[in-house]
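Got the viewer open? Let's take a walk through this one together, stop by stop.

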Amino acid sequence: ACGFQSFGGKLWLMGGVNGGTQLQDIWSSEDGTHWTLGPGVFPWYARSHMALLGFDGALWLIGGADTVGMRQDVWRTVDGRQWELVTEHAPWAARRGHRVVVWNHKLWLLGGSDGHTEFNDVWCSADGKEWTRLTAATIWKERHELSALVFQDKIWIFGGHAKPLSNEVWSLDIPKDWFKD
């Protein structure tokens with residue numbers, strides 16, 4: 001339920017849940033053995049089930065569940081201390097358990113849940129502020145807590161919490177002419 005990512009020569013661990021309590025901490029380590037707690041309180045609410053990843057020279061925090069509810073915000077930092085709110089209300093529904101990968105110099109958000117509804121949507125952004133929804137005739141079943149990665153110039157998703165549970169593997173092959181830049 002926490003965010004875990006490598007960025008800037010360090011491992012980063014943030015948020016999560018401890019005994020039902022949402023956490024608002026961030027830890028970093030250069031070797032995986034010795035960990036340093038980040039300074040102070042961060043401008044985002046304590047949260048879990050968020051996306052955390054490195055992109056465009058920064059560490060990004062995208063969506064998740066917090067002490068108030070589900071979020072559709074996007075934050076970034078270059079040092080783990082100073083955080084910038086990129087957007088408070090992205091056009092995709094507030095969610096947790098989604099995945100975000102980097103492919104073709106863009107952020108790609110996949111799936112998730114708002115606690116009642118599972119999603120199978122796909123969104124992309126070059127800057128974390130402006131997002132475009134990708135639509136297709138065939139798409140995978142709604143789910144959250146899926147695994148996603150980039151391999152052989154495609155985005156792949158595996159499993160996840162779908163109703164009913166499944167072990168499907170899907171790949172997203174986007175034609176190069178879809179990209180306008």
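Before we start, one term: two strands count as paired if DSSP finds at least two bridges between them. Keep in mind, too, that what you have on screen is a predicted model.

**Stop 1: a small hairpin**

Select residues 147-151, which make up strand E16, and then residues 154-158, strand E17. These two strands form a hairpin with two residues between them, and in it Gln152 takes a positive phi near 50°. Five bridges join E16 to E17, and the two run antiparallel. For a spot to check on screen, pick Ala148: it stands opposite Ile157 in E17.

**Stop 2: the sheet around it**

Now add residues 169-172, strand E18. E17 and E18 are joined by four bridges and run antiparallel. Click Phe158 and look across to Val169 in E18, which stands opposite. Taken together, three strands make an open sheet in the order E16-E17-E18, with antiparallel pairing. Why is one side of E16 and of E18 left without a neighbour in the sheet? E16 and E18 stand at the edges and each has a single partner strand, so one side of each has no neighbour there. Turn the sheet a little, and look for the twist, which averages 25° from one strand to the next.

As for what holds such things together, strands of a sheet pair through backbone hydrogen bonds, either parallel or antiparallel.

**Stop 3: another hairpin**

Move on to residues 70-77, strand E10, and residues 84-87, strand E11. This pair is antiparallel as well, with three bridges. How many residues lie between the strands of this hairpin? There are six, and Gly80 in the turn has a positive phi of about 80°. Select Arg76 and you'll find Glu84 of E11 opposite.

**Stop 4: His98**

Carry on along the chain to His98, in the loop between E11 and E12. Buried or exposed? His98 has 0% relative accessibility, so it counts as buried; the cut-off for that is under 20%. Now select Ser147 too: His98 and Ser147 are 49 residues apart in sequence, yet 8.9 Å apart in space, C-alpha to C-alpha.

**Stop 5: the largest pocket**

Switch on a surface if your viewer has one. Rolling a probe the size of a water molecule over the atoms shows where empty space is left. Here, the largest pocket has a volume of about 280 Å³. It is lined by 17 residues, and the closest to its centre are Met50, Ala51, Leu52, His98 and Arg99. Strand E1 (3-7), strand E8 (51-55) and strand E12 (99-103) are the elements that give two or more residues to the lining. Colour the lining by type and you get ten nonpolar residues, five polar and two charged.

**Last stop: zoom out**

Show the whole protein as a cartoon: there are zero helices and 18 strands. The C-alpha atoms fill a box of roughly 45 × 35 × 30 Å along the principal axes. A compact globule of 181 residues would have a radius of gyration near 16 Å, and the protein agrees with that, at 16 Å. Colour by burial to finish: 43% of the 181 residues count as buried.

Key. Residues numbered from 1 in each chain as written. Predicted model: local features only at pLDDT ≥ 70, side-chain atom pairs only at ≥ 80, totals over all residues. Heavy atoms only, no water. 1 Å grid on protein atoms, 1.4 Å probe; cavity = no way out; pocket = protein on both sides within 12 Å on 5 of 7 lines; lining within 4 Å. Points joined across faces, edges and corners; volume = space filled by probe spheres on them. Nonpolar A, V, L, I, M, F, W, Y, C, P; charged D, E, K, R; others polar. Axes fitted to C-alpha atoms, helices over the stretch in contact; angles between N-to-C directions. Rg over C-alpha atoms; globule rule 2.2 N^0.38 Å. Buried < 20%, exposed > 50% of the residue type's maximum accessible area, 1.4 Å probe, protein only.
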